[in-house]
Amino acid sequence: MKTFPSSWKSNKPGATLLVLSLLIIVFPFFAAQFGNSWVRIMDVALLYIMLALGLNIVVGFAGLLDLGYIAFFAIGAYMAGLLASPQCAVVLESLVMEYPALGEPLVRLLGADIAANGIHLSVWLIIPLSAAVAGLSGALLGAPTLKLRGDYLAIVTLGFGEIIRIFMNNLNGPVNITNGPQGINLIDPVRLAGVSLAGEAGSGGVVQFAGLAMPSVNAYYFLFVLLCVATVFISRRLQDSRLGRAWVAIREDEIAAKAMGINVRNLKLLAFAIGASFGGVAGAMFASFQGFISPESFSLTESIAVLAMVVLGGIGHIPGVVLGAILLAALPEVLRHTVGPLQMALLGEVWIEAEVLRQLLYGLALVLIMLVRPAGLWPSPRQEDRPIQASVVGGA
């Protein structure tokens, strides 16, 4: 068996990490030469990485199939929409009109400024609130589904996701809470040390920070990178902890886990709650980044897409999930920008519309990858960290 010097073994991870860090830092400045849209695509991909890592706790670690995960993303986004925009003023106005006995005392309690302009909390206060509310929602979802497995659990969670979306779409009367299908706009951007990452008024989307000037999409890119690093760190610590190993035991054989003294009920609820809190944080950042949210952003298709990221990259393997999230979040947008021009260059005209061909290629890529590598593009190198189902399919 070939061996390598100990110095080579110890330096390789450090060198790889250094190269990866340099690529991450350089990317926005290189991509900006071809337009800010490419950096924006990566911004959205980073948000999906946070989402996919949260779902990986539920699906990858604990083995609980969740098709309604996007609901927690919606909860975080609407928390930011209500607490960092003029929407609260709209809520109070409609409350006074419909139920003056309740609305008028509430207006006096909150004050004239909030009644006129809404609540504008800092996003750094909204993030823990979003994580807490989403985590509580995850536990409430998990409580009645503890005895369900497989397809039955998938159906219940799917229904939960659709219920949340329908609520957001219809909570515009008699009290206008979510503004219905029109969505909530004018959501405050993220501020760091008093500097808006969307750029100040009249700046043209250029952020001035510590003497440096950069486009808004670049500023959000670096913020999302830091959040993704924190999410990866937390996920890794959870995976290597006693809690993570207990989740894996439940995933592989729930009856055996119970026989070993593992509190299956509480740990399942904890998996739902922790995974949901990741989604709530990502939702709050999404709302602040976009400045606008609507129920269309939280459809069943989005839940399936996030689940596909986890399965495609490698269930339970954090680097694989990150890879799957980047590919499935960025690839459709890259195809959107390249399909039309490529047809014009090769055929002289556009035969198939970009949206149709993009979806066709997207679906075909998923099918081929699942046929060739059913365990995912980057499955865990440790066999014990792979789900039994993925190992069996891969071996077949």
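A pocket, as the word is used here, is an open set of grid points where a 1.4 Å probe fits, with protein on both sides within 12 Å along at least five of seven lines. In this predicted model, the largest pocket holds about 1,300 Å³ of space. Its lining is made up of 35 residues, and those that lie nearest its centre are Leu20, Ile24, Val232, Pro319 and Val322. Four helices each supply at least two residues of that lining, namely helix 1 (6-31), helix 2, helix 9 (216-240) and helix 14 (318-347). Among the contributors, helix 1 has the largest share, with nine residues of the lining.

Before going further, it helps to ask how confident the predictor is along the chain. The average pLDDT of the chain is 85, and 92% of the residues score at least 70. Over residues 1-11, however, pLDDT stays under 50, and the model has one contact for this stretch beyond four places in sequence. Residues 390-396 also have a pLDDT below 50, with five contacts in the model beyond near neighbours in sequence. Where pLDDT is low, the predicted coordinates should not be read in detail.

From the pocket we can turn to the packing of the interior. In soluble globular proteins, nonpolar side chains tend to be buried together. The largest nonpolar core in this model has 99 residues, of which Leu51, Phe72, Phe224, Trp247, Met285, Ile293 and Phe298 touch the most other members. Helix 2, which runs over residues 36-61, gives the most to this core, with 16 residues. Phe224 can serve as an example of the packing: leaving aside neighbours within four places in sequence, Phe224 is in contact with Asp43, Leu46, Leu47, Met285 and Phe289.

A residue of helix 2 itself, Met50, shows how parts of the chain that are distant in sequence come together. Met50 has a relative accessible area of 3%, below the 20% under which a residue is called buried, and so it counts as buried. Apart from residues up to four places away in sequence, Met50 touches Leu227, Cys228, Thr231, Phe278 and Ala282. The C-alpha atom of Met50 is also 7.2 Å from that of Gly279, although the two residues are 229 residues apart along the chain. Ser130, in helix 7 (residues 123-142), is likewise buried, with a relative accessibility of 0%. Its contacts, not counting residues up to four places away in sequence, are with Gly76, Met79, Gly280 and Ala284.

Helix 4 offers a simple check of geometry. The helix has twelve residues (87-98), and because each residue is taken to add 1.5 Å, it should span 16 Å; the C-alpha atoms at its ends are 17 Å apart, which agrees. The buried residues of helix 4 are Gln87, Cys88, Ala89, Val91, Leu92, Ser94 and Leu95. These residues pack against helix 3 (70-83), helix 5 (100-110), helix 6 (112-117) and strand 1 (184-185). One of them, Val91, gives a sense of distance across the model, as its C-alpha atom is 36 Å from that of Ile234, with the two positions 143 residues apart in sequence numbering. Ile234 lies in helix 9 and is partly exposed, with a relative accessible area of 40%.

The loops around the strands hold several features of the backbone. Most residues other than glycine have a negative phi, and most peptide bonds are trans. Against that background, the bond that joins Gly173 and Pro174 is a cis peptide bond, with omega about 0°. Pro174 is found in the loop between helix 8 (150-170) and strand 1, and Pro181 is found in that loop as well. Leaving out residues up to four places away in sequence, Pro181 touches Asn169, Asn172, Ser294 and Pro295. Pro181 and Gly194 are 13 residues apart in sequence, and their C-alpha atoms are 32 Å apart in space.

Two residues other than glycine have a positive phi in the loops that follow. Leu186, in the loop between strand 1 and strand 2 (191-192), has a phi near 60°, and at 59% relative accessibility it counts as exposed. Ala193, in the loop between strand 2 and strand 3 (195-196), has a phi near 55°, and it is exposed, with a relative accessible area of 77%.

Technical notes
Residues are numbered from 1 along each chain as its sequence is written. This is a predicted model: local features need pLDDT of at least 70, side-chain atom pairs count only at pLDDT 80 or more; totals for chains, interfaces and linings use all residues. Side-chain values use heavy atoms; hydrogens and water are left out. A nonpolar core is a set of buried Ala, Val, Leu, Ile, Met, Phe, Trp, Tyr and Cys residues joined through side-chain atoms within 4.5 Å. Buried means under 20% relative accessible area, exposed over 50%, partly exposed in between (1.4 Å probe, protein chains only). Contact means heavy atoms within 4.5 Å. The expected span of a helix is 1.5 Å times one less than its number of residues. pLDDT is the predictor's confidence in each residue, from 0 to 100. On a 1 Å grid over the protein atoms alone, a cavity is a set of points where a 1.4 Å probe fits but cannot get out, and a pocket is an open set with protein on both sides within 12 Å along at least five of seven lines; lining residues have an atom within 4 Å of a point. Grid points are joined across faces, edges and corners, and a volume is the space filled by probe spheres set on the points.
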